[in-house]
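This briefing covers selected helices and one loop residue. The entry is shown first, and the notes follow by topic.

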Amino acid sequence: MDRVLSLIITIILALSFTVRCGHVYSRSDFPEGFSFGSGASSYQWEGAAAEDGREPSIWDTFVHSRNLDNGDIACDGYHKYKEDVQLMVETGLDAFKFSISWSRLIPNGRGPVNSKGLQFYKSFIQQLVTHGIEPHVTLYHYDHPQALEDEYGGWLNRTIIKDFTAYADVCFREFGNHVKFWTTINEANVFTIGGYNDGITAPGRCSKNCMSGNSSTEPYIVGHNLLLAHASASRLYRQKYKGEGGFVGFGLFAIGFSPSTSSKHDETAAQRARDFYLGWMLGPLVFGDYPHVMRRTIGSRLPEFSEEESDLVKGSSDFVGITLYTAAIVTNIKPYFSGYIDFYSDTGITLTYLCNDSSTGLLLDTCADTPWAMEGVLEYIKQSYDNPPLYILENGKSMKGDFQLQQKDTPRIKYLHAYISAVLKAVRNGSDTRGYFVWSLMDLYELLDGYGSSFGLYHVNFTDPHRKRSPKHSAHWYSAFLKGDITFLGSQGITQLQSNISSSSL
């Protein structure tokens, strides 16, 4: 089936979903204890890249060596965190997801703890809990210390398992009295693909157009070590800190895959996509090994788990953190062979993303809204992986434009309304999804697009030395939803919200 017909089918599916989910719902429709929040990450929000003992991470090295936009200052959250907690309070968040900078806490990756970095995170966490906001902490968000990359190659070397576990031990010990939700690794699958297959994210390794790397082996070595490091940290928590009553999870990037036709070949290709992108990590976490299709295809390039390692990884995640933004159509056609074996050639399929850059799906601001993908992914994980507890740790709408265009962010409101509705439907169908976090609380330094696009509920003026924050219409909408006000839900409510904001600003 050609691309045009694939897109027509997907548009029809999306429209049918919109009709079904156009009803007005409220926060009270979600189960008691369901958590709503927002998030940011250390390099994207903190700034203060060279202050108070912080040393470079691989992300600092990656962007500066390529003369790209950087997070040297970003939102200056390191100095403005108290102000930002007030924004969370005003918005009505239950929880906030953020990451700890390994290179701020333990600047060289191992050894002495940086007292000023430790104090910053303690103060920030204290601010959150004092104001009734649950901290959801990510230990690793694409940014291990450059010192470990230089010393032994970072995630390519099993030595990092021990160093990561020691870093996690410091975090559990120092912050565990207030932190009950820990995600060890953020988006483990796409961190691995981006950094070691495509070379478009730190540390920038690949077989083509990179200074070094091997896309046929390194993604699988890194993925293996990520799983073992997670499992090691999880075992440590259960043995040493379980009295804190917390939970240790693992983060994955999910894509809603649909076959391009109803043929058996395309249905099989869609399942192959799910196995390679989700099963790659979920298989070991739930069943103790990689999917059979990966073992058969990749062969000796895919590392083996020893029996002890398999037992360690299996069941090591108390929850799975899901990032979801987009969807793709899957066709049973081998991708264009670029002259070297890599993750994509191993999949043996062709993906058409529902975005302007249909071959990569990287330009998220151009992607179609596909809330059916959210419902489908949650249902698939429920049926295929024993319905583990899930948290939607990232979901949001990327937009470009100046402040005036960004402030009246109606597309973002419609997006959030549709995707939260999809989560509700999945929960009603039995998915053990326990929380939803909008990405992001405010405009950030975006890892793939610098300051070219933004996801924030609050606008940040990056040309202002003070990094002034201003609420967008989506901040008002999300706040109303969280506070139980259904006045602004549904298409008529969104129009009313905008009218009210415009009137109040006159």
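The expected span of a helix is 1.5 Å times one less than its number of residues. The model discussed here is predicted. The points below take up helix H10, helix H4 and the loop residue Ile-486.

**Helix H10**
- Helix H10 covers residues 218-240, and its 23 residues should span 33 Å at 1.5 Å a residue.
- The end C-alpha atoms of H10 are 32 Å apart, which agrees with the expected value.
- Of the 23 residues of H10, 18 are buried, so the helix is largely enclosed by the rest of the structure.

**Helix H4**
- Helix H4 runs over residues 77-91; a straight helix of 15 residues would span 21 Å, but the end C-alpha atoms of H4 are only 17 Å apart.
- H4 has a kink of about 40°, with Glu-83 at its centre.
- The buried residues of H4 include Tyr-78, Tyr-81, Val-85, Leu-87 and Met-88, and also Lys-80 and Asp-84.
- Gly-77 and Thr-91 are likewise among the buried residues of this helix.
- Gly-92, just after H4, has a positive phi of about 95°.

**Ile-486 and its surroundings**
- Ile-486 lies in the loop that links helix H18 (473-482) and helix H19 (490-504).
- The relative accessibility of Ile-486 is 45%, so this residue counts as partly exposed.
- Outside its neighbours within four places in sequence, Ile-486 is in contact with Val-24, Tyr-25 and Ser-26.
- Arg-27 is 459 residues from Ile-486 along the chain, while the C-alpha atoms of the two are separated by 8.6 Å.

Terms used:
Residues numbered from 1 in each chain as written. Predicted model: local features only at pLDDT ≥ 70, side-chain atom pairs only at ≥ 80, totals over all residues. Heavy atoms only, no water. Helix = DSSP H or I, 4+ residues; strand = E, 2+ residues; numbered from the N terminus. Bend = angle between axes of the 7 residues up to and from the residue. Buried < 20%, exposed > 50% of the residue type's maximum accessible area, 1.4 Å probe, protein only. Contact = heavy atoms within 4.5 Å.
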